[in-house]
Amino acid sequence: MKDAVYIFGHKNPDTDSICASIAYAEFKNKTGNQNAISVRLGDINRETQFVLDYFKAETPEYMETVKTQISDLDIDILAPISPEISLKTAWSIMKKSNARTIPVVDENSKLIGIVSLSNLTSTYMDIWDNNIVAKSHTSIENILDTLSGSYLYVPEFRAKFTGKIVTASMDPKSAEEIIDEGDIVICGNRDDTQKTIIKCKASLMIITGSHSVSEEVIESAKKEKCIIISTPYDTFTASRLILQSIPVEYVMTKNNIVFFKEDDYVEEIKDIMLKTRYRSYPVVDQDNKVLGSISRYHLISQNRKKIILVDHNEKPQSVLGIEDAEVLEIIDHHRVASIETGLPIFFRNEPVGSTSTIIANIFFENGIRPSKKTAGLLSAAIISDTLLFKSPTSTTIDKITLERLAEIADIDVQDFATNMFKAGTSLKGKTVDEIFHQDLKIYNVLGYKIGVSQVGTMDTEGFSPMKEEMLKLMDLESKHSSFNLLMLMLTDIINDGSEILTAGPDRDLIGKTFNVDINASSIYLPGILSRKKQVIPQITNTINNM
């Protein structure tokens, strides 16, 4: 979508990531003329779904990639033509719009063909075929328009033209020898020749030089149902121009049409353009209706998707194709990492417990009150990310901000937190794959690829039967994706600690960092609640000191 700004958190989004995205989209839409849209990069977890349902908020649309699509470009908007219009009209449209190809559509605006300059010019190579008007089912309206003609006589019933084109510039006897029934005959103002043409049962008589015909000729035409039109052109010009009355349907390209859909990615259509080398290509929507046309020029001057990142600033955690997008802003509370931009941007990074704390204060700093729904979403995100202030990442700013938001949202913080954690931490019905990947973050630390999944729960006992299966999954994942270290933090919200499961060739980093024996299948670390503040920085220090 052109002119849209997409706002999203990290892959495997948590409550803070989703709620911060929705809230900041509301702020941007309230304070500017941007079309800010909240999107997500992964499935919604149970806790976040509870929050969205509680505050009656819509789930953001899923976005797989921000690679540039045709819909992001300013393609040429050229009205498609109908298959029955004449070559002359098509030529006139091309000259007026400076186009070399025009899409042809049916009555439902769906693409059925393409007419190009080469299609039009090739018809003149068929000038020897004097049956071309009949073969192409040309209408009398097309002939009349092409020859700038006017009716002298037209019967109520008009049969289709079935004969050839004849120029009757000779005497009547000679003309009679070459005219067959159903022919289209071009002639001058000789009354005797005109009568002979009608006598031979011609379907159409074209009088050149804007000459009139006698009443006797009209009466004869009525009996034989012969159409008579007058054109200001001379005989030679009329015989040449009549070819331009052929409908474009007869000459257009119908098979193997090269066209693109509006959601096609620019990088994928480049090779097709190089191989086919047409000047322009039709663009259609999902219903095959023509939207416009695209050429190589549009690829050179392509518009990139505009995006705002919240709750992350690391490339592995972000959307596919981010290098093709234009990053406008980053709002985060994690370490500064690997996102690079070509231009200076607004970057707000604060050491607080939740990105939603920062976004809430952006509202307040600008004198804007978030809606009751958004205040509720921001409240839930702060509660979630700080584990209701049990996490060491919590700050006084988080607490003050939550109090202010809870008042707007009209919620009891303690009751809401209890219900939210119960809904979100139940492991019942989940597979080990779902548990592990619901909040997996990937870090590149001084050449080490480290993955840390964190699951907060009030039901640690329910996880025990899954432990062996989880370790097998992690071992396979570490080998398949070449992780140096893969971890699962099963965080006990009630008892303020985390059980740690590890896999990977460098799992001894955990032993060195926390001074524990890693030979056990799992390790319990009391007081360890924050992946961001208590795990990654310490592992980074260990690697630095090695």
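What is the strand order of the open sheet of 3 strands, and is its pairing parallel, antiparallel or mixed? In this predicted model, the order is β11-β12-β13 and the pairing is mixed. The edge positions are taken by β11 (260-261) and β13 (290-294); each has a single partner strand, so one side of each is left without a neighbour in the sheet. β11 and strand β12 (residues 281-284) run parallel and are joined by 2 bridges. One residue pair can be named here: K261 has V284 in β12 as its bridge partner.

**The six-stranded sheet**

Another open sheet has 6 strands in the order β3-β2-β1-β14-β15-β16, with parallel pairing. At its edges stand β3 (61-62) and β16 (346-349), each with a single partner strand, so one side of each lacks a neighbour in the sheet. Strand β2 (residues 35-40) runs parallel to β3, and 2 bridges join them. R40 stands opposite Y62 in β3.

Two helices that lie across strands of this sheet are α1 and α13. Helix α1 lies across β1 (4-8), β2, β14 (306-310), β15 and β16, and runs at about 175 degrees to β2. Helix α13 (residues 355-365) lies across β14, β15 and β16, at about 100 degrees to β15.

**Nonpolar cores**

The largest nonpolar core has 48 residues, of which Y24, V51, I359, L377, I383, F416 and F421 touch the most other members. At least two residues each come from β1, α1, α2 (46-54), β14, α13, α14, α15 and α16 (413-425). Helix α1 supplies the largest share of this core, with 8 residues. Leaving aside residues up to four places away in sequence, L377 touches C19, I22, V51, L52, F55 and A57. A second core, separate from this one, has 34 residues, including L78, L87, L147 and I186.

**Salt bridges**

The whole structure contains 22 salt bridges. Three of them are listed with the distance between their closest N and O atoms.

| Pair | Closest N and O atoms |
|---|---|
| E329 and K28 | 2.7 Å |
| K479 and D475 | 3.3 Å |
| D496 and K390 | 4.0 Å |

E329 forms a salt bridge with K28. This pair links distant parts of the chain, 301 residues apart: E329 is in strand β15 (residues 326-332) and K28 is in helix α1 (residues 15-31). Both E329 and K28 are buried.

D496 forms a salt bridge with K390. D496 lies in the loop between β19 (485-492) and β20 (497-503), and K390 in the loop between α14 (372-386) and α15 (396-409), so the pair ties together parts that are 106 residues apart in sequence. D496 is partly exposed, with a relative accessible area of 30%, and K390 is also partly exposed, at 38% relative accessibility.

K479 and D475 form a salt bridge within one helix. Both lie in α18 (residues 467-480), 4 residues apart, which is about one turn of the helix. How exposed are K479 and D475? K479 has a relative accessible area of 61% and counts as exposed, because the limit for that class is over 50%. D475, at 31% relative accessibility, is partly exposed.

Salt bridges also occur as a network, in which K164, D180 and D183 are linked.

Definitions and conventions: Residues are numbered from 1 along each chain as its sequence is written. This is a predicted model: local features need pLDDT of at least 70, side-chain atom pairs count only at pLDDT 80 or more; totals for chains, interfaces and linings use all residues. Side-chain values use heavy atoms; hydrogens and water are left out. Two strands pair if DSSP finds at least two bridges between them. A salt bridge is a side-chain nitrogen of Lys or Arg within 4 Å of a carboxyl oxygen of Asp or Glu. Buried means under 20% relative accessible area, exposed over 50%, partly exposed in between (1.4 Å probe, protein chains only). Contact means heavy atoms within 4.5 Å. Axes are lines fitted to C-alpha atoms, for helices over the stretch in contact, and angles run from 0 to 180 degrees between N-to-C directions. A nonpolar core is a set of buried Ala, Val, Leu, Ile, Met, Phe, Trp, Tyr and Cys residues joined through side-chain atoms within 4.5 Å.
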